[in-house]
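Please take a moment to look over the sequence and the fold shown here before reading on. The paragraphs after it are meant for a reader who is meeting this structure anew.

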Amino acid sequence: MDFILEAAVRAVKTLFGTDITAENLTLQQTRKEFEGDVTLMVFPITRFSKQSPEQTAAALGGFLVNEIEELESFNVIKGFLNLSLKNSYWADVFYNEINRPDFGLFPPNGQKVMVEYSSPNTNKPLHLGHVRNNLLGYSVAEILKANGYEVIKANLVNDRGIHICKSMLAWQKFGNGETPETSGLKGDHLVGKYYVRFDQEYKKQIEGLKAQGETEDQAKKNAPLIIEAQEMLQQWEQGNPQVISLWMDMNEWVYAGFAETYKKLGVDFDQYYYESNTYLLGKSLIDEGLEKGIFFKKPDGSVWIDLTADGLDEKLVLRADGTSVYMTQDLGTAQLKYDEYHTDKALNVVGNEQDYHFKVLYLILKKLGKSWAEGLYHLSYGMVDLPSGKMKSREGTVVDADDLIAEMEDTAKEQTDILGKAVDFPEEEKQKLYYTIGMGALKYFLLKVEPKKRLLFNPNESVDFQGNTGPFIQYTYARIRSVLNKGNFNTDTVFIPIKTVSAVEKDLIIQLQQYPVILAEAATAYSPAVIANYVYETAKLYNKFYHEESILKAEDEEIKQFRMQLSDVSAKVIKNAMLLLGIEVPERM
């Protein structure tokens with residue numbers, strides 16, 4: 001729309017004798033409730049016109065309609081000048097801008113970004129909270145890639161610590177040598193089973209000690225199981241061969257299980273980091289901070305940073321015995337990642353319960369003089385609730401990711417069969433369709449909400465084929481493919497351009513034209529919700545077009561071919577947008 005801004009600059013010069021630049025003007029899409037395509041904000045111009053906003057807008061509107069051939073009419077609402085473009089203009093936009101192989105493609109921008117997501121613990125399977133994390137991280141990475149960034153998808157695995165030792169100890173005591181092969185359980189489920197078992201046995205010991213007169217806190221510290229788990233962690237840190245061997249075996253079981261879940265979720269990683277390799281990092285940064293006077297030692301030898309001047313508190317960065325805390329290893333890991341990749345930006349996709357931790361981490365790195373810390377960003381997200389209540393962990397009542405995926409497939413099968421959307425499909429294609437719809441429903445429901453918001457996930461609502469859901473958009477795509485197949489549409493055919501478009505065709509063209517703008521907006525906001533809501537509006541508008549205009553039975557061949565081209569571009573935009581959310585679209589339904 002630069003041509004309108006350029007003409008408006010000339011209008012201000014001609015009408016009001018003032019030189020301005022296009023940067024002084026604001027042009028935006030006209031709000032749906034008003035007539036027009038684009039709106040010029042007139043209030044800032046009144047200081048040059050010395051007239052009321054309405055008079056200023058009327059004068060500008062008259063000038064622009066005479067000056068710009070593509071403009072048809074204007075109307076004024078207070079200080080807003082609404083401009084309507086001729087339908088022939090939108091036909092030109094379709095052919096020259098939208099119906100091109102490079103539409104919506106951004107060239108490489110020379111910037112490198114790392115998106116770290118998933119970050120599972122190796123003592124249990126992935127759960128619903130992890131599902132939101134994985135889908136959010138993957139989608140943001142894909143959106144950044146589509147905007148021309150070089151993207152590294154990273155996974156920092158929490159593979160060490162007391163929680164791992166709890167699973168290991170319980171397996172040693174109660175496992176009788178059970179393996180994924182002998183039990184028929186996925187490896188992560190087997191290890192998770194013993195994490196729950198540890199908790200059950202530990203609680204029994206606490207109750208026993210309380211019955212002998214100990215307080216709750218004393219019993220929690222003195223229970224033999226927790227003492228043994230702590231001893232096992234010390235043995236692990238000292239490199240005890242038997243403990244290390246068991247740790248490696250059980251972690252391998254978990255990784256095999258995770259790999260299956262990641263595949264079902266459709267997420268991937270370019271780089272894995274393991275806490276067992278990074279937990280000792282960061283100590284050199286502590287020494288550096290002590291030398292610079294950024295950290296200080298307390299009499300017991302522990303190292304701290306005082307952030308009270310920054311509105312935060314004092315933070316421990318190294319224990320008195322010289323062992324790391326989470327902050328130590330996160331400082332070291334951030335340095336390691338930068339040293340390996342020299343990224344311009346690095347995102348940590350982590351739940352909002354860690355907001356304070358990341359605020360402190362980034363602040364410490366900046367105080368240490370790490371200029372690259374300016375590019376660090378915590379992509380914080382809210383908890384996922386189910387209608388039955390919040391997720392829990394150790395008690396074994398957690399919403400398991402694998403169970404959730406299976407439930408989504410079953411729900412999709414149920415809905416699809418009721419509506420008869422796969423009646424004549426071969427069995428293999430049916431199963432693939434149930435999976436595609438189920439995963440599309442899950443992903444879309446979790447991603448259409450702004451990341452920072454807490455959300456209530458309702459599996460049945462998410463699989464509805466009507467409304468703001470993944471299956472509605474998938475069905476719209478399949479409908480378009482069906483139209484194109486019936487019309488024997490071929491992109492290689494040479495078409496005669498049409499000269500004008502109908503009102504609903506114009507609305508759809510305007511919507512499609514917004515795709516690159518929406519892509520850029522989603523990348524800036526690190527928000528798949530921007531894409532999700534755009535693709536839903538696009539699908540809705542296509543359905544309106546489908547119902548209002550005859551496509552295959554159009555009044556003449558040129559209009560039929562144009563409507564098939566418009567359908568083809570709509571399908572491509574819907575498919576590309578859904579792929580950015582990690583959602584596949586079926587060719588038929």
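What follows goes from the whole chain to its core, then to pairs of helices, and then to single residues.

The coordinates belong to a predicted model, and every value given below was computed from it. The protein contains 23 helices and 15 strands, and its C-alpha atoms fill a box of roughly 90 × 65 × 45 Å when this is taken along the principal axes. Of its 589 residues, 53% count as buried. Among the contacts with a separation of 6 or more, 73% are accounted for by residues that stand 24 or more positions apart.

The interior can be followed through its nonpolar cores. The largest nonpolar core has 155 residues, and Leu64, Leu144 and Phe457 are those with the most contacts inside it. Leaving aside residues up to four places away in sequence, Phe457 touches Val384, Asp385, Leu386, Pro387, Leu404, Met408, Leu442, Phe445, Leu446 and Ser462. Apart from this largest core lies another core, of 32 residues, with Leu285, Leu307, Val317 and Leu318 among them.

The next step is to see how helices pack against each other. Two packed helices are described by the angle between their axes and by the distance between those axes. For helix H20, residues 503–513, and helix H22, residues 528–548, the angle is about 160 degrees and the axes are 9 Å apart. An angle over 145 degrees counts as roughly antiparallel, and H20 and H22 are therefore roughly antiparallel to each other. Their crossing is left-handed. On the H20 side the contact involves Val504, Glu505, Asp507, Leu508, Gln511 and Leu512, which meet Tyr534, Glu537, Thr538, Leu541, Tyr542, Lys544, Phe545 and Glu548 on the H22 side. Sorted by class, the residues of this contact between H20 and H22 comprise seven nonpolar, two polar and five charged.

A second pair is formed by helix H5, residues 128–146, and helix H21, residues 515–525, which pack at an angle of about 125 degrees with their axes 9 Å apart. That angle makes H5 oblique to H21, and H5 passes H21 in a left-handed crossing. Here Ile143, Leu144 and Ala146 of H5 meet Leu519, Ala522 and Ala523 of H21, so that by class the contact has six nonpolar, no polar and no charged residues. Leu144, which takes part in this contact, is also one of the residues with the most contacts inside the largest nonpolar core.

In a third pair, helix H10, residues 224–237, packs with helix H11, residues 241–265, at an angle of about 95 degrees and with the axes 8 Å apart. This makes H10 roughly perpendicular to H11. The contact is made by Met232, Gln235 and Trp236 of H10 together with Val243, Ile244 and Trp247 of H11, and by class it has five nonpolar residues, one polar residue and no charged residues.

Some single residues complete the picture. Gln513 is found in helix H20, and with a relative accessible area of 14% it is buried, since under 20% counts as buried. Not counting residues up to four places away in sequence, Gln513 touches Trp90, Val93, Glu97, Ile98 and Phe103.

Val157 has its place in strand E6, residues 150–157, and is buried, with a relative accessible area of 2%. The C-alpha atoms of Val157 and Tyr272 are separated by 7.3 Å, while the two residues are 115 residues apart along the chain. With residues up to four places away in sequence not counted, Val157 touches Pro120, Thr122, Tyr255, Tyr272, Tyr273, Tyr274 and Glu275.

Two loop residues remain, and the backbone angle phi is the point of interest in both. Lys50 lies in the loop between helix H2 (46–49) and helix H3 (53–67), and its phi is near 55 degrees, a positive value in a residue other than glycine. Tyr526 lies in the loop between H21 and H22, and has a positive phi of about 50 degrees although it is not a glycine. Which of these settings is buried and which is exposed? Lys50 is exposed, with a relative accessible area of 70%, whereas Tyr526 is buried, with a relative accessible area of 10%.

Methods:
Residues are numbered from 1 along each chain as its sequence is written. This is a predicted model: local features need pLDDT of at least 70, side-chain atom pairs count only at pLDDT 80 or more; totals for chains, interfaces and linings use all residues. Side-chain values use heavy atoms; hydrogens and water are left out. Axes are lines fitted to C-alpha atoms, for helices over the stretch in contact, and angles run from 0 to 180 degrees between N-to-C directions. Helices (H or I, at least four residues) and strands (E, at least two) are DSSP runs, numbered from the N terminus. Angles under 35 degrees count as roughly parallel, over 145 as roughly antiparallel, 65 to 115 as roughly perpendicular and the rest as oblique. A crossing is left-handed if the near helix is turned anticlockwise from the far one by less than a right angle, and right-handed if clockwise. Contact means heavy atoms within 4.5 Å. A nonpolar core is a set of buried Ala, Val, Leu, Ile, Met, Phe, Trp, Tyr and Cys residues joined through side-chain atoms within 4.5 Å. Buried means under 20% relative accessible area, exposed over 50%, partly exposed in between (1.4 Å probe, protein chains only).
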